[in-house]
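Welcome! Here are some short exercises to help you find your way around a new structure. Try each task yourself before you read its solution.

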Amino acid sequence: MSNIEQRIKEANGRLRANYVGFQIEIMGGKLCIRGTMPPRPNSNHTKPYRQRLTVAKANNEGVKIAEKMAKIISVQIDAKTFDWVDYLNLVEPETTKTIGDWVREFEKDYFLRRERTFKTETTWKVEYESIFKFLPHDEHISPIILEKIIIDHSSPDTRIRKRYCQTLSLLAKFAGLNCDFLKLSGNYSNKSRKAREIPTDKQIQDFYFELKNPGWRWVYGMIATYGLRNHEVFFVDLDNLFEGETAISITQGKTGSRKIWPLHPEWVETFNLLNPTIPLINLDRPNREIGFTCTRYFSRVKMPFHVYDLRHAWAVRSLEYGIDISLAAKQMGHSLQVHSNLYHSWIDSKIHQRAFDAALLKDDRPRPPDT
């Protein structure tokens with residue numbers, strides 16, 4: 001927290017303690033006081049409502065001025081001596097922008113800073129548009145409206161609540177509102193996720209031989225062996241494999257190019273991965289849609305687990321192989337934190353026991369000193 005933010009926090013604490021119905025906010029390098037005041041002259045409002053007055057520059061001296069003025073205006077309102085004539089020069093013009101206007105400007109700004117690609121279009125639709133569509137686009141933006149959308153469309157302590165809070169906090173900040181909804185997120189984190197039933201290696205291998213279509217059988221084998229995302233299997237450079245190595249390279253995808261090694265290496269031969277037969281599907285579309293085509297096929301052939309579980313199984317398998325977590329994260333295209341929080345929270349005691357047993361069998365493991 002910056003020095004000016006700390007000063008504002010302290011001043012607002014004193015105002016609350018003295019029952020002053022105003023708070024100090026910082027907007028665009030200036031300090032405002034915000035609270036319920038009578039309608040302005042020539043306003044369409046007939047009852048008092050929350051308004052802002054810009055009172056000083058955003059510096060330490062400005063905080064003193066803003067706190068003093070908040071107290072004065074509060075006393076005047078209580079005594080019914082408040083007169084707009086004294087303050088009209090401090091009034092921020094009432095905006096005519098609607099929520100829909102702010103959303104359109106937010107989208108324009110978003111794509112000014114990012115090239116329009118399948119990837120950014122998908123992010124916009126999933127992370128922003130899917131939430132903005134529930135906003136009342138013809139109304140004026142306010143913290144109350146945004147908070148109501150969060151509460152009405154998401155449940156506490158869930159991933160969707162966290163996403164609503166993050167997205168609408170960004171919109172509020174863009175619109176110049178001094179509010180932060182992250183406090184409504186609750187206690188959700190990746191560790192809150194329920195433990196998944198990860199298929200065993202035998203289950204994964206057995207189902208491979210049940211698949212009839214050679215193209216989708218190859219896709220399945222690649223995802224299982226290299227822990228790929230559904231869409232990444234269609235953007236693989238196999239040159240290393242053909243040259244006798246075991247690693248493959250991803251040419252493009254959600255997290256860009258990277259190199260991955262097989263777990264288990266024997267599956268390269270078992271799953272006949274050196275003889276690729278790739279299904280002919282439309283690749284000229286967002287990764288999300290390509291991945292969904294993959295998911296839909298395996299659902300149609302009644303795969304006994306989710307196709308993404310093959311990727312989860314690779315992550316867990318990396319622990320059993322004793323691969324350093326940072327290396328496993330890099331191969332999966334994750335940050336170390338995401339990999340640790342997401343995957344290692346699903347590792348149960350049986351997997352830990354197998355990893356421990358494997359470590360004990362190593363000749364170079366540490367040993368206690370002789371007695």
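## Exercise 1: A small sheet

Keep in mind that you are looking at a predicted model.

**Task.** Find the open sheet made of three strands, work out its strand order, and decide which strands stand at the edges.

**Solution.**
- Step 1. The order of the three strands in this open sheet is β4-β5-β6, with antiparallel pairing.
- Step 2. The edges are taken by β4 (236–237) and β6 (258–260); each has a single partner strand, so one side of each has no neighbour in the sheet.
- Step 3. Now look at one pair: β5 and β6 are joined over three bridges, in the antiparallel sense.
- Step 4. For a single example, Ile 250 has Arg 258 in β6 as its bridge partner.

## Exercise 2: Another strand pair

**Task.** Decide whether strand β2 (residues 30–37) is largely enclosed or not enclosed, and find how it pairs with β3.

**Solution.**
- Step 1. Count the covered positions: of the eight residues of β2, six are buried, so the rest of the structure largely encloses this strand.
- Step 2. Strand β3 (residues 49–57) pairs with β2 over eight bridges, and the sense is antiparallel.
- Step 3. To see the match residue by residue, start at Cys 32, which stands opposite Thr 54 in β3.

## Exercise 3: A covered helix

**Task.** Describe helix α8 (residues 214–226): its span, its cover and its two ends.

**Solution.**
- Step 1. The 13 residues of α8 reach 18 Å from the first C-alpha to the last, which is close to the 18 Å expected at 1.5 Å a residue.
- Step 2. The helix is mostly covered, with eleven of its 13 residues buried. Among them are Trp 216, Trp 218, Tyr 220 and Ile 223.
- Step 3. At the start of α8, Asn 213 brings a side-chain oxygen to within 2.9 Å of the backbone nitrogen of Gly 215.
- Step 4. Just after the helix comes Gly 227, with a positive phi of about 65°.

## Exercise 4: Into the core

**Task.** Find which residues of the largest nonpolar core touch the most other members, and which helix gives the most to this core.

**Solution.**
- Step 1. This core has 41 residues, and the ones touching the most other members are Val 219, Tyr 220, Met 222, Tyr 226, Leu 228, Ile 248 and Phe 298.
- Step 2. Several elements each supply at least two residues of this core, including α7 (201–208), β5 (248–250), α11 (287–300) and α12 (308–320).
- Step 3. The helix that gives the most is α8, with eight residues.
- Step 4. There is also a second, separate core of 25 residues, which includes Phe 106, Leu 146, Ile 149 and Ala 175.
- Step 5. A general tendency is worth recalling here: in soluble globular proteins, nonpolar side chains tend to be buried together.

## Exercise 5: One residue in close-up

**Task.** Is Met 222 buried or exposed, and which residues does Met 222 touch beyond four places in sequence?

**Solution.**
- Step 1. Locate Met 222 in helix α8.
- Step 2. The relative accessibility of Met 222 is 0%; buried means under 20%, so Met 222 counts as buried.
- Step 3. Leaving out residues up to four places away in sequence, Met 222 touches Gly 227, Leu 228, Val 233, Val 236, Leu 238, Ile 248 and Leu 273.
- Step 4. Take Leu 273 from that list: Met 222 and Leu 273 are 51 residues apart in sequence, and their C-alpha atoms are 6.9 Å apart in space.

## Exercise 6: Backbone details in the loops

**Task.** Which peptide bond is cis at His 264, and what phi do Tyr 19 and Lys 302 take?

**Solution.**
- Step 1. The cis peptide bond runs from Leu 263 to His 264, with omega near 10°. His 264 belongs to the loop between β6 and α10.
- Step 2. Tyr 19 is not a glycine, yet has a positive phi of about 60°. Tyr 19 sits in the loop between α1 (3–17) and β1 (22–27), and at 74% relative accessibility Tyr 19 counts as exposed.
- Step 3. Lys 302 is not a glycine either, and has a positive phi of about 60°. Lys 302 is in the loop between α11 and α12 and is exposed, with a relative accessible area of 68%.

Key: Residues are numbered from 1 along each chain as its sequence is written. This is a predicted model: local features need pLDDT of at least 70, side-chain atom pairs count only at pLDDT 80 or more; totals for chains, interfaces and linings use all residues. Side-chain values use heavy atoms; hydrogens and water are left out. Helices (H or I, at least four residues) and strands (E, at least two) are DSSP runs, numbered from the N terminus. The expected span of a helix is 1.5 Å times one less than its number of residues. Buried means under 20% relative accessible area, exposed over 50%, partly exposed in between (1.4 Å probe, protein chains only). A polar contact is a pair of N or O atoms within 3.5 Å; within protein, one must be able to donate a hydrogen and the other to accept it, and residues adjacent in sequence count only if both atoms are side-chain atoms. A nonpolar core is a set of buried Ala, Val, Leu, Ile, Met, Phe, Trp, Tyr and Cys residues joined through side-chain atoms within 4.5 Å. Two strands pair if DSSP finds at least two bridges between them. Contact means heavy atoms within 4.5 Å.
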